[in-house]
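Q: I have this model open at my bench and would like a close look at one part of it. Could you walk me through how its strands are put together, and what surrounds them?

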Amino acid sequence: MIITRRLAAGACALLAALAGGVVPAQAADGPSKDSPKVELVLDVSGSMRARDIDGQSRMAAAQQAFNEVIDATPESVRLGIRTLGAHYPGDDKAIGCKDSKQEYPVGRLDRTEAKAAVATLRPTGWTPIGYALRGADQDLGEDGGTRRIVLITDGEDSCGQPDPCDVARELAAKGTHLTIDTLGLAHDDKTREQLTCIAEATGGTYTTVRHTNELSGRIKQLVRRSETPADDTPKPTKGADACSAAPEIGAGVWTDRETFGEHRWYKVKVKPGQELRAAASVGADRPVDRDYGILVRAVGDGGQELVRGSDAGNGRTDVMSSGLRYPVSKGKKSDKDAEGRTVCLEVSHSFSAPASVKRDPGLPVELAVDLVKSPDKPSDMAAFGLGRGWVLLVVLVVTGLVAGLLWGWLARWRVAIWRAN
């Protein structure tokens, strides 16, 4: 009897030790209290039945994208899923405008359960976007970590109260560092305007989606962005109209606004052995003419162009981007690059609009700047100076001279042979 009791006590002690060893290990593998939190808010209203995304319904495209996103979500991200318009099929607006439910709680991700929560959804009811945003804000809580809502919808709010833009401003005013990004599966101006308003109120982004791979790719990007430290969130700046008066900026993401036909200048200090990488995006947040372009230039001392990047297009767009790279060699003490260089970045665009379109405020500009280690043996043209105007001119002149002399010699040789024959 005594032996039996001792064995039982030993077994209990062993189980307690195992529990004490296993549970903390599992907790350590999961996201911490300060890890980022993301809630995906999906519109499951009746209009999601429309079959205009790669030959399938908007709902099917969203479910496929969600499965890919769930598989790609990092372990350090706490992910949740909320729906709107998924459970009430009736005509009572008062009930339909409160049809929003959290399908999967924000926390450590169980990929199987999260997929199962989305798999059974069918397009059903109303589109209470404002009500759903308030619910998502409560789902995320305020226990630390970055907070992001990703709203996927194919139309504007169908309830009116609360107004989604007012809700977004209300949530931004709380100071809880909440960012709302919006993705639109429909392409009408009213939806675009409302989703842009929601995103801009919290410093988020709006994206129009036309294909399934675009939807999954953009959501993955936003989920990964939630891991970015708070120091890398966009910071406001105001570019000058000339290089001499430009504000100095460093590595990070910077936001500004630029009216039609305006040029904005910014200064960046590049140390020896560093490579400047800059990308500028200009958003068309209002109706614009069909032809447009963007130009980013790096300019050195005396206004000498170092390198440029440009892009152009036509038709309807939401954003136009371009970028450049410029390395500064370590060099010798006697070189002008020995102490680094101050590079001026010029951002300009050729967007235009009918006279009825408002000019102020200007179009939103996002400038991403990074300073990385320069390659030991740079192979790109900018590193050799071929992007610099005077060097390129010399190369063209020498090439033209050599080609002209060679062609002239061949012509005289052919004439001499012809005369001899």
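A: Of the 421 residues of the chain, 43% are buried, where buried stands for under 20% relative accessible area, exposed for over 50% and partly exposed for anything in between (1.4 Å probe, protein chains only). Please keep in mind that this is a predicted model, in which local features need pLDDT of at least 70 and side-chain atom pairs count only at pLDDT 80 or more, while totals for chains, interfaces and linings use all residues. Residues are numbered from 1 along each chain as its sequence is written, and side-chain values use heavy atoms, with hydrogens and water left out.

The chain has ten helices and 15 strands; these are DSSP runs numbered from the N terminus, with at least four residues (H or I) for a helix and at least two (E) for a strand. Its contacts (heavy atoms within 4.5 Å) reach across the sequence: of those between residues at least 6 apart, 75% join residues at least 24 apart.

Now to the six-stranded sheet. It is open, with the order S3-S2-S1-S4-S5-S6 and mixed pairing; strands are paired if DSSP finds at least two bridges between them. Strand S3 (100-107) and strand S6 (206-208) each have a single partner strand, so each has one side without a neighbour in the sheet. From one strand to the next, the twist averages 15 degrees. Such angles use lines fitted to C-alpha atoms, for helices over the stretch in contact, and run from 0 to 180 degrees between N-to-C directions.

Strand S4 is a good place to zoom in. Residues 147-153 make up S4, and seven bridges tie them to S5 (residues 178-184), with the two strands running parallel. You can follow this pairing at isoleucine 152, whose bridge partner in S5 is leucine 183, and at valine 150, whose partner in S5 is aspartate 181. S4 is also joined to S1 by six bridges, again in parallel, and here leucine 42 stands opposite isoleucine 152. What about burial? Seven of the seven residues of S4 are buried, so the strand is largely enclosed by the rest of the structure. Arg147, Ile149, Leu151 and Thr153 point one way, Arg148, Val150 and Ile152 the other way.

Helix H2 (residues 58-72) packs on this sheet and touches strand S1 (37-43), strand S2 (78-84) and S4. The direction of H2 makes about 165 degrees with that of S1. In the loop between S1 and H2 you will find aspartate 54, which has a positive phi of about 55 degrees although it is not a glycine. Aspartate 54 is partly exposed, at a relative accessible area of 46%. Further along, the loop between S4 and helix H6 (164-173) holds proline 162, joined to glutamine 161 by a cis peptide bond with omega about -5 degrees. Most residues other than glycine have a negative phi, and most peptide bonds are trans.

For comparison, here is another sheet. Four strands form an open sheet in the order S9-S14-S11-S12, with antiparallel pairing. Its edges are strand S9 (263-270) and strand S12 (305-314), each of which pairs on one side only. Nine bridges link strand S11 (residues 291-299) to S12, including the one between valine 299 and glutamate 305 in S12. Arginine 264, in S9, counts as buried at 10% relative accessibility. The side chain of arginine 264 reaches the backbone oxygen of arginine 257 at 2.9 Å. Beyond its neighbours within four places in sequence, arginine 264 has contacts that include Lys238, Asp256, Glu258 and Leu345.

Leu345 also belongs to the largest nonpolar core, which has 32 residues; Leu345, Phe351, Leu367 and Val369 have the most contacts inside it. A core here is a set of buried Ala, Val, Leu, Ile, Met, Phe, Trp, Tyr and Cys residues joined through side-chain atoms within 4.5 Å. Among the elements giving two or more residues to this core are S9, S11, S12 and strand S14 (341-349). Separate from this is a second core of 31 residues, which includes Met48, Ala65, Val118 and Leu183. That brings us back to the six-stranded sheet, where Leu183 is the S5 partner of isoleucine 152.

Key:
A polar contact is a pair of N or O atoms within 3.5 Å; within protein, one must be able to donate a hydrogen and the other to accept it, and residues adjacent in sequence count only if both atoms are side-chain atoms.
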